[in-house]
Amino acid sequence: DTKINYQADFGKNSRNVILEGEAFFNVSENKEIPFRVHASELCITALGTSFNVKAYSDENVIETTLETGEIRIDNLDGKKGNSEVETVFLKPNQKAVFLRNSSNLTLDSRKKAAPVKKNEVSAIIKPLSIKIDSLVDTKLTTSWKDSRWIFKSEKLSKLAPVLERRYDVTITFMDSILVNYKFTGTLKEESLEQVLKALTLAAPIRFEVARNKVYLFEDQEQRSKYIRPVKQQPNDNH
């Protein structure tokens, strides 16, 4: 469910790509022709670096995770007549999270770059709310491209869209309580049925598959088995 567009002369006069979806980039350095990713409202510039961008059109969040090197993310303030760009720099093991359609800009850490003229950034960028997380485990973001998919304390509501794209299915929650169940683990080239069975071993979940549709139910019989050990834990206010 990812699309990348670029011009026919890519690499000659420019290195610009337009991304919708998720992609991992390993960029060779070329100071004369910087590499830019246009992801909806954002313009992400890299010289020599490796990073991940997640910008699905049906999600309200754009995530950029840096593995190596340095990248800059340009965000126009949208004010008429103002040609300056507010710039966020990411260092290795940092993740920038952007909320679409927000009128405020908040940064955990930021610095001003030299002003960039609007015509140097081909995408029209609106003010966004920005949050930067430092010292993140980049494998949790980039492992989707490898044979080992790693996730940690991930809510099923967040895992479901990833599974839908990975296996080309539609997942429906028949019991809303399931969306808050959290999972930690590593999957290696498992089939959809193997993944679903793994979920049932870790939580009181029952599933039904009809062609490319998956229905998830709470298993009432198994629910008591999982709740009982929790109730037996001492009340230590943790």
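A polar contact is a pair of N or O atoms within 3.5 Å, of which, within protein, one must be able to donate a hydrogen and the other to accept it. In the predicted model described here, one such polar contact, of 3.3 Å, joins the side chains of Glu218 and Tyr181. A further polar contact, of 3.2 Å, joins the side chain of Glu218 to that of Gln220. Glu218 lies in strand S15, and because its relative accessible area is 10%, where the limit for a buried residue is under 20%, Glu218 counts as buried. When residues up to four places away in sequence are set aside, Glu218 touches Asp175, Ile177, Leu178, Tyr181, Pro204 and Arg223, so that Tyr181 appears both in this list of neighbours and as a partner in a polar contact.

The chain as a whole may be considered next. The protein chain contains 4 helices and 15 strands, and of its 238 residues, 37% count as buried. Among the contacts in the chain with a separation of 6 or more, 55% are made by residues that stand 24 or more positions apart.

Strand S5, which spans residues 49-55, illustrates how a single element can be placed within such a chain. All of its residues, 7 of the 7, are buried, and S5 is therefore largely enclosed by the rest of the structure. In a regular strand the side chains alternate between the two faces of the sheet. In S5 both faces are covered, since Thr49, Phe51, Val53 and Ala55 are buried on one side, while Ser50, Asn52 and Lys54 are buried on the other.

The pairing of S5 with other strands was then examined. Strand S2, formed by residues 15-27, pairs with S5 in the antiparallel sense over 7 bridges, and within this pairing Gly21 has Ala55 of S5 as its bridge partner. Strand S6, formed by residues 61-68, also runs antiparallel to S5 and is joined to it by 5 bridges; here the bridge partner of Asn52 is Thr65 of S6. The connection between S5 and S6 is a hairpin that passes through 5 residues.

Ser50 gives a view of this region at the level of one residue. Ser50 has its place in strand S5, and its relative accessibility of 5% is the reason why it counts as buried. Beyond residues up to four places away in sequence, Ser50 touches Phe24, Phe25, Asn26, Leu66, Glu67 and Thr68. With Thr68, Ser50 makes a polar contact of 2.6 Å between side chains. The C-alpha atoms of Ser50 and Glu67 are separated by 5.5 Å, although these residues are 17 residues apart along the chain.

The buried residues of helix H3, which covers residues 192-202, are Leu192, Val195, Leu196 and Leu199. Because these residues cover an arc of only 95 degrees around the axis, they are placed on the same side of H3. This arrangement can be compared with a general feature of helices: an α-helix has 3.6 residues a turn, so residues three or four places apart point the same way. The buried residues of H3 pack against helix H2 (156-167) and against three strands, namely S13 (182-188), S14 (205-210) and S15 (213-218).

Helix H2 also takes part in the largest pocket, to whose lining it gives the most, with 8 residues. About 1100 Å³ of space lies in this pocket, and of the 33 residues that line it, the closest to its centre are Lys54, Glu63, Glu154, Lys158 and Val162. At least two lining residues each are supplied by S6, strand S9 (94-99), helix H1 (139-142), strand S11 (148-155) and H2. Lys54, listed above among the buried residues of S5, is thus also one of the residues closest to the centre of the largest pocket.

Two residues in loops were noted for their backbone angles. Most residues other than glycine have a negative phi. Ser40, however, has a positive phi of about 55 degrees although it is not a glycine, and it is found in the loop between strand S3 (35-39) and strand S4 (42-46). Asp168 is likewise a residue other than glycine with a positive phi, near 55 degrees, and its place is in the loop between H2 and strand S12 (170-173). With a relative accessible area of 39%, Ser40 is partly exposed, whereas Asp168, with 64%, is exposed.

Key: Residues numbered from 1 in each chain as written. Predicted model: local features only at pLDDT ≥ 70, side-chain atom pairs only at ≥ 80, totals over all residues. Heavy atoms only, no water. Buried < 20%, exposed > 50% of the residue type's maximum accessible area, 1.4 Å probe, protein only. Pairing = 2+ DSSP bridges. Contact = heavy atoms within 4.5 Å. Arc of directions from axis to C-beta. 1 Å grid on protein atoms, 1.4 Å probe; cavity = no way out; pocket = protein on both sides within 12 Å on 5 of 7 lines; lining within 4 Å. Points joined across faces, edges and corners; volume = space filled by probe spheres on them.
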